[in-house]
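Reader: I have a chain to study. Can you take me through it step by step?

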Amino acid sequence: MDTRIQDINNVISNAISVMEDSKVQIFEICESARKELQALEQELNAVLREAAEVIEKVDQLEQKYRLARIRLTEVSRDFVTFNEQDIKSAYEKATQIQVDKLMYSEKEQYLKARRDDLQKRVKNVDLSIERAQTIHSQINVVLEYLSGDLNQVTRILESAKNRQLIGLKIILAQEEERKRIAREIHDGPAQGLANLVLRMEIAERMIVKQEFEMVQHELIDLKAQVRTGLEEIRKIIFNLRPMALDDLGLVPTLRKYVQDFEEKSRIRTTFETIGREVRLPSAMEAGIYRLVQEAFTNVMKHANATFVSLEMTYQAQLVKFCVVDNGIGFQAEPSETKTEHPGSHFGLIGMKERVELLEGRMEIESAKDQGTKITIHIPVNAKERKE
């Protein structure tokens with residue numbers, strides 16, 4: 001084990017050395033880019049000033065050229081007042097102004113193209129500097145992790161592995177939940193609606209035959225079937241998001257859930273509350289409900305229990321709830337999330353992650369053949385919580 005740690009230390013040391021060199025090189029590249037950016041900005045400012053002057057000069061020459069054309073027209077028409085020399089002078093002046101205008105117009109086009117090119121280069125260099133700074137920051141973060149204690153790095157890697165396993169488990173759970181909902185809709189409401197369509201067609205034929213008494217009996221059966229389908233749909237909706245949670249609150253919803261759990265699992269259950277119930281933020285109530293749901297599901301699937309109890313305690317600063325069963329139990333590990341057998345205890349890992357999102361803590365007491373007790377503390381004294 002010590003040899004493996006030493007090897008890991010060597011690998012990390014080499015990685016730190018390479019990253020330190022890369023960090024220096026990125027800094028040099030960044031400084032070079034900053035100097036280039038400064039030079040480009042100075043050149044761009046000079047081009048902008050010169051372009052403004054040239055544009056102003058072109059406008060002036062345009063005005064002078066119009067006046068010169070008007071003058072040339074006047075002297076060309078009035079042969080009495082103006083002689084040939086006046087005409088020649090007006091023509092030469094107009095021609096010279098036109099040449100100057102063309103020259104400055106070409107210079108204006110060149111400066112505009114140069115301006116656009118410089119602006120594009122400034123933008124690209126600025127973007128390169130931003131990327132270099134981002135990479136530099138990322139390397140600093142990595143170096144902080146790698147420069148820390150090796151045990152801390154190991155814990156980080158272990159936590160990342162657990163989170164990855166949790167993520168995979170969540171994806172699988174989502175897919176299973178989608179399959180379950182699709183199966184419930186297919187076997188329940190979908191089949192019922194198909195049967196309704198068929199029986200309505202039969203009723204329609206009876207109306208054509210004027211067998212109204214039979215139509216009346218058929219409508220009574222259809223009404224009962226619609227009520228049954230509506231009840232099934234309500235059950236599906238309740239499993240997705242209990243509407244009573246928003247309307248009645250956490251305690252009535254949990255009380256209904258515990259009763260349904262006892263009927264479904266044939267496991268005797270009790271539910272007690274201590275203290276005065278208060279309404280919590282919607283997200284917090286939903287989180288606590290899912291935690292209780294997960295704990296009871298674990299009992300039903302894994303504990304082989306005949307009894308499970310839920311006790312909720314409302315205090316000024318927190319909500320505490322305990323789930324206790326008399327099942328087979330297990331050997332609780334200190335980390336609460338570690339397991340020697342991949343694939344087990346994922347329910348507890350998911351619960352711990354959910355508790356952390358609620359800024360709470362979870363305690364597990366369990367032993368072989370002595371049942372399990374899960375105690376969860378959720379603080380409620382935060383002034384503002386993000387939903």
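Reader: What share of the chain's contacts with a separation of 6 or more joins residues 24 or more positions apart?

Author: This is a predicted model, where local features need pLDDT of at least 70, side-chain atom pairs count only at pLDDT 80 or more, and totals for chains, interfaces and linings use all residues. Residues are numbered from 1 along each chain as its sequence is written, and side-chain values use heavy atoms, with hydrogens and water left out. A contact means heavy atoms within 4.5 Å. Among contacts with a separation of 6 or more, the share from residues 24 or more positions apart is 69%.

Reader: How many helices and strands does the chain have?

Author: Both are DSSP runs, numbered from the N terminus: helices are H or I with at least four residues, strands are E with at least two. Along the sequence they follow α-α-α-α-α-α-β-α-β-β-α-β-β. The count is 8 helices and 5 strands.

Reader: Which element gives the largest share of the largest nonpolar core?

Author: A nonpolar core is a set of buried Ala, Val, Leu, Ile, Met, Phe, Trp, Tyr and Cys residues joined through side-chain atoms within 4.5 Å. Buried means under 20% relative accessible area, exposed over 50%, partly exposed in between (1.4 Å probe, protein chains only). The largest core has 38 residues, and I288 and F321 are among those with the most contacts inside it. The largest share, 10 residues, comes from helix 7.

Reader: Which strand 3 (318–325) residues does I288 touch?

Author: Leave aside neighbours within four places in sequence. I288 then contacts residues including L250, M312 and I378. Its contacts also include V319 and F321.
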